[in-house]
Amino acid sequence: MPEVLDAERRSDLPRAAEMTNVGLECGWGTLHFADTYETAQALAEAMRGEGPGRRDIAFYVEEPHVMLSAAPLELFLDPSHAFRLVLARYEPSERRPEGYLVRSLSNEEDAEAVNRIYAMRGMVPVRPDFFWRRRHSRAFTYLVAEDSMTGAIIGTITGIDHARAFGDPRRGTSLWCLAVDPQTRCSGVGEMLVRRLADGFKERGGSTLDLSVLHDNEHAIQLYERLGFERLAVYTLKRKNPINERLFAGPGPESELNPYARIIVDEARRRGIDVDVIDAAHGYFRLTYGGRTIRCRESLSEMTSAVAMSICDDKSVTRSIVEAAGISVPDEVEVRDAAGARAMLERHERIVVKPARGEQGRGISVGLTAEDDIEGAFERAREVCERVLVEEFVEGDDLRLVVIDHRVVAAAVRRPARIYGDGASSVRQLIETHSRRRAAATGGEASIPIDGETDRCLRAAGITLDDVIEEGREVEVRRTANLHTGGTIHDVTDHVHPALVDAAVRVSRAIDIPVVGVDLMVRSHRAGVYRFIEANERVGLANHEPQPTAQRFVDLLFPQSIPHALRQVHRHGADAGEPCPV
């Protein structure tokens with residue numbers, strides 16, 4: 001089998017050197033330049049060297065029927081299109097990034113942030129040290145987009161200079177792994193990353209910039225065509241492996257499931273667990289393994305008792321149960337009318353009005369004062385449930401902790417939807433644009449409604465839907481941090497205070513529930529002060545990638561499916577009050 005060489009070893013070769021059987025190690029897998037392979041059998045043999053958990057790619061396949069004939073049971077024709085940008089015809093843009101900057105990857109923290117974005121986008125991760133060891137590479141270019149306000153990495157792209165990598169006499173280059181954080185506030189990040197890469201390769205004297213993109217990635221294709229890329233008559237081959245299954249096996253019944261059900265089903269199928277979709281529209285499915293069958297609705301399974309579910313369903317009952325277990329809770333009363341809600345303002349400067357039952361943030365009004373429309377808030381809550389609760393408003397961050405089998409698996413700070421002025425668009429336009437972006441990033445699960453709650457937030461900021469706000473101004477357009485109403489989520493699993501972990505575990509034990517999302521209001525996720533808000537019996541595991549929430553959920557349902565080595569970690573690993581080892 002041809003040796004897969006490191007690009008750094010090839011960079012010392014003469015630039016005009018013609019090489020054969022070229023495969024570049026890219027961290028996520030090997031990139032095989034199919035047009036350099038002497039025979040179809042040589043390429044097939046090289047592709048057989050793909051390791052577990054990797055995605056090798058053969059690009060520049062000119063005769064796919066011939067190449068596939070060498071290993072028809074092992075390889076498949078990727079359903080992607082190839083595009084080429086002729087750099088001599090490419091016109092750089094004078095537009096500059098707004099709210100972010102594009103720079104080279106410079107440290108291991110950048111590499112970890114890139115992997116976080118890869119995980120959000122369902123891409124194969126790369127060992128951080130791989131990026132770090134190639135940070136000064138002449139063959140590889142790693143660019144990241146950094147939010148100017150927060151310093152967070154919000155996008156990434158990889159480029160390969162073929163001449164520097166293996167002496168390509170055609171001086172071609174290629175683009176790989178373009179990915180943007182779906183929660184970013186900034187617009188045009190993907191376009192700016194592509195442009196910066198193209199600018200750099202053009203300055204070096206590169207002739208073309210090529211890429212491969214899945215045929216149904218409409219947004220990406222529109223971007224590339226807008227930049228001047230044209231279709232290229234070459235193809236891509238990949239190996240039939242679990243990572244690529246959806247590409248060669250065709251859509252199964254689970255393809256109609258929402259992201260919260262699909263993440264579990266995908267993990268189950270990776271382990272050989274049988275999946276039977278009962279009702280895709282509502283997220284119901286059945287899992288069977290080793291004679292054991294369990295029905296689920298997303299992360300709610302038959303292992304959750306009806307009693308535990310009823311406790312979570314009624315917020316006042318939940319509060320009573322956890323308070324008895326020593327959990328800190330805010331002051332709360334049930335009221336019959338708006339006057340009762342106003343009476344609560346005599347004890348607290350600000351209050352929360354919410355239905356006793358309900359989910360996804362519906363009917364909740366947060367941070368109300370005496371000047372606000374208490375009557376309207378009461379009516380909105382009563383539309384969801386006839387019983388209305390009024391609660392002391394607690395200042396701080398909304399922290400969600402995912403507890404599975406009485407272990408904290410993930411923790412994330414959730415922030416309400418907000419917009420950022422550009423000096424040209426109206427508030428309404430900004431909300432609608434950001435809402436479309438959140439919907440696209442969540443498979444249609446999230447959007448920002450324009451309703452009474454939105455109007456209240458805008459009034460508090462002294463603006464209306466028709467106003468144009470100055471560039472860079474941040475405006476919160478919801479008070480609740482619910483993801484379904486456009487909120488964003490930020491992983492803090494590695495930094496959450498032990499006291500908060502302990503509180504979440506105690507909540508799960510008090511309710512006696514195997515899987516639960518525990519919501520706390522905290523001054524900081526690094527401090528131990530909190531107030532309990534609610535417990536969610538059907539927590540959205542997909543919101544917490546790259547933390548292994550789906551893996552731990554399937555571990556709970558089918559412990560016999562856990563690989564032996566990991567089973568030893570679970571048996572001798574962290575105590576229940578510590579985050580679960582990943």
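**Hairpins β13-β14-β15**

I began with the hairpin of β14 and β15 in this predicted model. There are 2 residues between its strands, and Gly290 takes a positive phi near 55 degrees. I then checked the pairing: β14 and β15 (residues 292-297) run antiparallel over 6 bridges. Tyr289 stands opposite Arg292 in β15.

I stepped back to the hairpin of β13 and β14. Here 4 residues lie between the strands, and Gly283 in the turn has a positive phi of about 80 degrees. β13 (residues 274-279) and β14 (residues 284-289) pair in the antiparallel sense over 5 bridges. I looked up Asp276 and found Arg286 of β14 opposite.

**Sheet with β21 and β22**

Next I traced the open sheet that contains β21. Its 5 strands follow the order β25-β22-β21-β26-β27, with antiparallel pairing. β25 (488-491) and β27 are the edge strands, each paired on one side only. I noted an average turn of 30 degrees between neighbouring strands, direction ignored.

Inside this sheet I followed β21 and β22, which pair antiparallel over 7 bridges. The bridge partner of Leu399 is Val413 in β22. I also looked for a helix on these strands. Helix α18 (residues 549-557) lies across β21, β22 and β26, and runs at about 35 degrees to β21.

**Helix α17**

I tested the length of α17 (residues 498-511). At 1.5 Å a residue, its 14 residues should span 20 Å, and the end C-alpha atoms are 20 Å apart, so the two agree.

Which residues of α17 are buried? I listed Leu500, Val501, Ala503, Ala504, Val505, Val507, Ser508 and Ile511. I kept the helix repeat in mind: with 3.6 residues a turn, residues three or four places apart point the same way.

I then asked what covers these buried residues of α17. The cover includes two helices, α11 (306-313) and α12 (315-324). It also includes the strands β21 (397-404), β22 (407-415), β26 (515-522) and β27 (530-536). Those four strands belong to the sheet I had just traced. After α17 comes Asp512, with a positive phi near 60 degrees.

**Mixed sheet and α2**

I turned to another open sheet of 5 strands. The order is β1-β2-β3-β12-β4, and the pairing is mixed. Its edge strands are β1 (23-25) and β4 (75-77), each pairing on one side only. The twist averages 25 degrees from one strand to the next.

I checked one pair in this sheet. β2 (residues 30-33) and β3 (residues 57-61) are parallel over 3 bridges. Leu31 stands opposite Ile57 in β3. Helix α2 (residues 40-47) packs on the sheet and touches β2, β3, β4 and β12 (235-239). I read an angle of about 45 degrees between the directions of α2 and β12.

**Largest nonpolar core**

Leu31 came up again in the largest nonpolar core. Of the 34 residues there, Trp28, Leu31, Phe131 and Ile160 touch the most other members. I listed the elements that give two or more residues: β2, β3, α4 (108-120), α5 (128-133), β7 (140-147), β8 (153-161), α6 (162-166) and β9 (172-180). The largest share, 5 residues, comes from α4.

Last, I looked up Ile160. Which residues does Ile160 contact, leaving aside its neighbours within four places in sequence? I found Leu24, Cys26, Leu31, Ala139, Phe140, Ala165, Gly172, Thr173, Ser174, Trp176 and Phe201. Leu31, one of these contacts, is also among the core residues with the most touching members.

Key
Residues are numbered from 1 along each chain as its sequence is written. This is a predicted model: local features need pLDDT of at least 70, side-chain atom pairs count only at pLDDT 80 or more; totals for chains, interfaces and linings use all residues. Side-chain values use heavy atoms; hydrogens and water are left out. The expected span of a helix is 1.5 Å times one less than its number of residues. Buried means under 20% relative accessible area, exposed over 50%, partly exposed in between (1.4 Å probe, protein chains only). Contact means heavy atoms within 4.5 Å. Two strands pair if DSSP finds at least two bridges between them. Axes are lines fitted to C-alpha atoms, for helices over the stretch in contact, and angles run from 0 to 180 degrees between N-to-C directions. A nonpolar core is a set of buried Ala, Val, Leu, Ile, Met, Phe, Trp, Tyr and Cys residues joined through side-chain atoms within 4.5 Å.
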